[in-house]
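The exercises below concern a single chain. Each one gives a task, followed by a solution in steps.

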Amino acid sequence: MACKTPLQIDPSDPTPLYAQLDRAIRLGISIGRFPPDTQLPTVRQLAVDLSINLNTVAKVYRDLERAGILETRRGIGTFVKSPAPKAMARAERERLLTVLEDRFLAEAAAQGFSADQLLAHLIRRLRKGNAAYVVP
């Protein structure tokens, strides 16, 4: 199944294009926009669509493949990899989630956002973004 939702980057954002693309792909996967086995655009096609350097796209794909998020099927394309079974203990998963939360909250606070603002924004975004992840 080919990827139908175009990835977006913002050339006016000070975040490097590489980081924006990496984040966009990870976000698309995490919210279910790109489920396992979804074929992503070719490196060349995505570079043309986003008007960015071919090497930037190739590096993002390569790094995401190394991280176990994407897989390249020779002669076919790049796909979202099916997640491995969750062998991690519940306590370890909770610890990792806490680390992510701390990073997110610290970065938001550095940008002048409160935890309440973040939560309200996330709830609005999830409600309108993907029916599979609707917050009740």
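**Exercise 1. Accessibility and salt bridges in a helix**

Task: Classify Arg-66 by its relative accessible area, then find its salt-bridge partner and continue to Lys-59.

Solution. The model is a predicted one.
- Step 1. Arg-66 has a relative accessible area of 62%. The cut-off for exposed is over 50%, so Arg-66 is exposed.
- Step 2. The side chain of Arg-66 meets that of Asp-63 in a salt bridge, 3.0 Å from N to O. Both residues belong to helix α3 and are three residues apart, about one turn of the helix.
- Step 3. Asp-63 also forms a salt bridge with Lys-59, with an N to O distance of 2.9 Å. These two are about one helical turn apart because they are separated by four residues in helix α3.
- Step 4. Asp-63, at 17% relative accessible area, is buried, while Lys-59, at 37%, is partly exposed. The acidic residue that meets both Arg-66 and Lys-59 is thus a buried one.
- Step 5. Lys-59 has a further contact: its charged end sits over the ring of Tyr-18, 4.8 Å from the ring centre.

**Exercise 2. A network of salt bridges**

Task: Which residues are linked with Arg-73 in a network of salt bridges, and over which ring does Arg-73 lie?

Solution.
- Step 1. Arg-73 forms a salt bridge with Glu-71, the closest N and O atoms being 3.0 Å apart.
- Step 2. The network links Asp-37, Glu-71 and Arg-73.
- Step 3. The relative accessible areas are 36% for Asp-37, 24% for Glu-71 and 27% for Arg-73. Partly exposed covers the range between under 20% and over 50%, so Asp-37, Glu-71 and Arg-73 each fall in that class.
- Step 4. Arg-73 also lies over the face of Phe-79, at 3.9 Å from the ring centre.
- Step 5. For the whole structure, the search finds five salt bridges. The count of aromatic pairs is zero.

**Exercise 3. Positive phi outside glycine**

Task: Where in the chain are Asp-37 and Ser-51, and what are their phi values?

Solution.
- Step 1. Most residues other than glycine have a negative phi.
- Step 2. Asp-37, which is not a glycine, has a positive phi of about 75 degrees. Its place is the loop between α1 and α2.
- Step 3. Ser-51 is not a glycine either, and has a positive phi of about 55 degrees. Ser-51 is in the loop between α2 and α3.
- Step 4. Ser-51 is exposed at 65% relative accessible area, whereas Asp-37 is partly exposed at 36%.

**Exercise 4. Core and surface**

Task: Describe the fold order, then the largest nonpolar core and a nonpolar surface patch.

Solution.
- Step 1. The chain has five helices and two strands, in the order α-α-α-β-β-α-α.
- Step 2. Of the chain's 136 residues, 23% count as buried.
- Step 3. The largest nonpolar core holds 18 residues, and Leu-21, Ile-25 and Leu-70 have the most contacts inside it. Two or more residues each come from α1 (17–30), α2 (43–50) and α3 (54–66). The largest share, four residues, is from α3.
- Step 4. At the surface, Phe-104, Leu-105 and Leu-122 make a nonpolar patch of about 250 Å². Leu-105 belongs to helix α4 (residues 90–110), and is partly exposed at 39% relative accessible area.

Notes. Residues are numbered from 1 along each chain as its sequence is written. This is a predicted model: local features need pLDDT of at least 70, side-chain atom pairs count only at pLDDT 80 or more; totals for chains, interfaces and linings use all residues. Side-chain values use heavy atoms; hydrogens and water are left out. Rings of Phe, Tyr and Trp (its six-membered ring) pair if their centres lie within 6.5 Å; planes under 30 degrees apart count as stacked, over 60 as edge-to-face and the rest as tilted. A charge sits over a ring if NZ of Lys or CZ of Arg is within 6 Å of the ring centre and within 35 degrees of the ring normal. Patches are made of residues with over 30% relative accessible area and no salt bridge: like charges are joined within 9 Å, nonpolar side chains (Val, Leu, Ile, Met, Phe, Trp, Tyr) within 5 Å. Accessible areas come from the Shrake-Rupley method with a 1.4 Å probe; for residues, only the protein chains shown count as cover. A salt bridge is a side-chain nitrogen of Lys or Arg within 4 Å of a carboxyl oxygen of Asp or Glu. Buried means under 20% relative accessible area, exposed over 50%, partly exposed in between (1.4 Å probe, protein chains only). A nonpolar core is a set of buried Ala, Val, Leu, Ile, Met, Phe, Trp, Tyr and Cys residues joined through side-chain atoms within 4.5 Å.
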